[in-house]
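Here is a friendly briefing to read with the structure beside you. Take a moment to look over the picture, then work through the points topic by topic.

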Amino acid sequence: MVETGGFERKLTYVARRGCPDRLAIWKHLTIAMFEIKAPGKKPTQQQVNEHDILRASGIPVYTPSTFDEVDRDIAHALANPILR
């Protein structure tokens, strides 16, 4: 994340489940949320429901499970900022 000029924060919800793992922020208000999964694992239905709510609000949510997928998703987020 730092290599691309951004930073990240670990997230948790209070008294709620399904929160994405990380909030990524870059300059010019480019943000994205990441649910980091173990290789071959998929988000739970509860996580999928939360991701759908966030995406419907215009916040991109990515669910990478490998380092290559993380790099790909960061590149996508930077190429498609939600606020210009």
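What follows is a short tour of the sheet, a helix, some salt bridges and a few single residues.

Please keep in mind that this is a predicted model. Its sheet is an open one with 4 strands, and a search of the whole structure finds 6 salt bridges. We begin with the sheet and then move on to what packs against it.

**The sheet**

- The strands of the open sheet come in the order β1-β2-β3-β4, and their pairing is mixed.
- Which strands stand at the edges? They are β1 and β4, and each has a single partner strand, so one side of each is left without a neighbour in the sheet.
- As background, strands of a sheet pair through backbone hydrogen bonds, and they do this either parallel or antiparallel.
- For β2 and β3 the sense is antiparallel, and the pair runs over 5 bridges.
- To see two residues facing each other across strands, find Leu23, which stands opposite Met33 in β3.
- Helix α2 packs on this sheet, where it touches β2, β3 and β4. The direction of α2 makes about 150° with that of β3.

**Helix α2**

- Helix α2 covers residues 67-79, which is 13 residues. At 1.5 Å a residue it should span 18 Å, and its end C-alpha atoms are indeed 18 Å apart, so expectation and model agree.
- Which residues of α2 are buried? They are Asp73, Ile74 and Ala77.
- Seen down the axis of α2, these buried residues fall within an arc of 105°, so they line one face of the helix.
- A general rule helps here: an α-helix has 3.6 residues a turn, so residues three or four places apart point the same way.
- On the other side of α2 you will find Asp68, Asp71 and Ala79, which are exposed.
- What covers the buried residues of α2? The cover includes β2, β3 (30-34) and β4 (61-62).

**Salt bridges**

- As a reminder, side chains of opposite charge can pair when their charged atoms come close.
- Glu8 and Arg22 form one such salt bridge, with their closest N and O atoms 3.6 Å apart. This pair links distant parts of the chain, since Glu8 is in strand β1 and Arg22 is in strand β2, 14 residues apart.
- Both partners have some exposure: Glu8 is partly exposed, with a relative accessible area of 31%, and Arg22 is partly exposed, with a relative accessible area of 30%.
- Asp21 forms a salt bridge with Lys10, and here the closest N and O atoms are 3.9 Å apart. Asp21 lies in the loop between β1 and β2 while Lys10 lies in strand β1, so the pair ties together parts that are 11 residues apart in sequence.
- Is each partner in that bridge buried or exposed? Asp21 counts as buried because its relative accessibility is 17%, whereas Lys10 is exposed, with a relative accessible area of 51%.
- In another salt bridge the side chains of Arg16 and Glu50 meet, at 2.9 Å from N to O. Arg16 lies in the loop between β1 and β2 and Glu50 in helix α1, so this pair ties together parts that are 34 residues apart in sequence.
- Here Arg16 is partly exposed, with a relative accessible area of 49%, but Glu50 counts as buried, at 6% relative accessibility.

**Single residues to find**

- His51 is found in helix α1, which covers residues 45-56. Because the cut-off for buried is under 20%, His51 counts as buried at 1% relative accessibility.
- What does His51 touch, leaving aside its neighbours within four places in sequence? It is in contact with Gly18, Pro20, Glu35, Pro43, Val61 and Thr63.
- Asp21, already seen in its salt bridge with Lys10, has its place in the loop between β1 (7-10) and β2 (22-26).
- Leaving aside neighbours within four places in sequence, the contacts of Asp21 are Arg9, Lys10, Leu11, Phe34, Glu35 and Ile36.
- Ala15 also has its place in the loop between β1 and β2, and Ala15 is exposed, with a relative accessible area of 84%.
- Between the C-alpha atoms of Ala15 and Ile36 there is a separation of 21 Å, and these two residues are 21 residues apart along the chain.

Terms used
Residues numbered from 1 in each chain as written. Predicted model: local features only at pLDDT ≥ 70, side-chain atom pairs only at ≥ 80, totals over all residues. Heavy atoms only, no water. Buried < 20%, exposed > 50% of the residue type's maximum accessible area, 1.4 Å probe, protein only. Contact = heavy atoms within 4.5 Å. Expected span 1.5 Å × (residues − 1). Arc of directions from axis to C-beta. Salt bridge = Lys/Arg side-chain N within 4 Å of Asp/Glu carboxyl O. Pairing = 2+ DSSP bridges. Axes fitted to C-alpha atoms, helices over the stretch in contact; angles between N-to-C directions.
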